[in-house]
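Student: Hi, could you walk me through this structure? I am new to it and would like to start with a single residue before turning to the whole chain.
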Amino acid sequence: MENVTANGKYFAMNTENVKATNITVCGDYCFDGAKDVEIHESRILSKDAFWNCENVTI
């Protein structure tokens, strides 16, 4: 993912093998249950982001 703006709850829930650059996410519980996530140069405005996740690098 590159240059993405998302608003809303549960964005990218249960995703796998995500590499993101320059994303803006505004909404609670983003990436809930995700695995193998790598995020660069991004902004995440959320509560409980990355809950129940495995192997996350920011």
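Student: Is Y29 buried, exposed or partly exposed, and what is its relative accessible area?

Tutor: Please keep in mind that this is a predicted model. In this model Y29 has a relative accessible area of 21%, so it counts as partly exposed.

Student: And which ring does Y29 pair with, and how are the two arranged?

Tutor: The partner of Y29 is Y10; the ring centres lie 5.0 Å apart and the planes are at 25°, so the pair is stacked. The two tyrosines come from distant parts of the chain, since Y10 sits in the loop between β1 (2-7) and β2 while Y29 sits in the loop between β2 and β3, 19 residues apart. Y10 is partly exposed as well, with a relative accessibility of 40%.

Student: How many aromatic pairs are there in the structure?

Tutor: There are three aromatic pairs. One of them joins F11 and F31, whose ring centres are 5.8 Å apart and whose planes stand at 90°, so this pair is edge-to-face. F11 belongs to the loop between β1 and β2 and F31 to the loop between β2 and β3, so their pairing ties together parts that are 20 residues apart in sequence.

Student: Are F11 and F31 buried or exposed?

Tutor: F31 is buried, at a relative accessible area of 0%, whereas F11 is partly exposed, at 21%. Together with F50, these two phenylalanines form one aromatic cluster.

Student: Switching topic, what makes up the largest nonpolar core?

Tutor: That core has 11 residues in all, including F31 and F50 from the aromatic cluster, along with A12, C30 and several valines, alanines and isoleucines. Strands β2 (16-26) and β3 (35-40) each supply at least two of its residues, and β2 gives the most, with four. As general background, nonpolar side chains in soluble globular proteins tend to be buried together.

Student: You mentioned C30, so what does it touch?

Tutor: Leaving aside residues up to four places away in sequence, C30 touches F11, V25, I44, S46, A49 and F50.

Student: What about A12, where does it lie and what stands out in its backbone?

Tutor: A12 lies in the loop between β1 and β2, and it has a positive phi of about 60° although it is not a glycine. With a relative accessible area of 14%, A12 is buried.

Student: And what is the phi of N3?

Tutor: N3 also has a positive phi, of about 55°, and it is not a glycine either. This residue is found in strand β1, and its relative accessibility of 56% means that it counts as exposed.

Student: Stepping back, how many helices and strands does the chain have?

Tutor: The chain has zero helices and five strands, so to speak in order from the N terminus, the elements run β-β-β-β-β. Its radius of gyration is 10 Å, close to the 10 Å that the globule rule gives for 58 residues, so the chain is as compact as a globular protein of that length.

Student: What box do the C-alpha atoms fill, and how much of the chain is buried?

Tutor: Along the principal axes, the C-alpha atoms fill a box of roughly 25 × 20 × 15 Å. Of the 58 residues, 26% count as buried, and the accessible surface comes to about 3800 Å², with 43% of that belonging to carbon and sulfur atoms.

How values were computed:
Residues are numbered from 1 along each chain as its sequence is written. This is a predicted model: local features need pLDDT of at least 70, side-chain atom pairs count only at pLDDT 80 or more; totals for chains, interfaces and linings use all residues. Side-chain values use heavy atoms; hydrogens and water are left out. A nonpolar core is a set of buried Ala, Val, Leu, Ile, Met, Phe, Trp, Tyr and Cys residues joined through side-chain atoms within 4.5 Å. Buried means under 20% relative accessible area, exposed over 50%, partly exposed in between (1.4 Å probe, protein chains only). Contact means heavy atoms within 4.5 Å. Rings of Phe, Tyr and Trp (its six-membered ring) pair if their centres lie within 6.5 Å; planes under 30 degrees apart count as stacked, over 60 as edge-to-face and the rest as tilted. The radius of gyration is taken over C-alpha atoms; the globule rule is 2.2 Å times the number of residues to the power 0.38. Accessible areas come from the Shrake-Rupley method with a 1.4 Å probe; for residues, only the protein chains shown count as cover.
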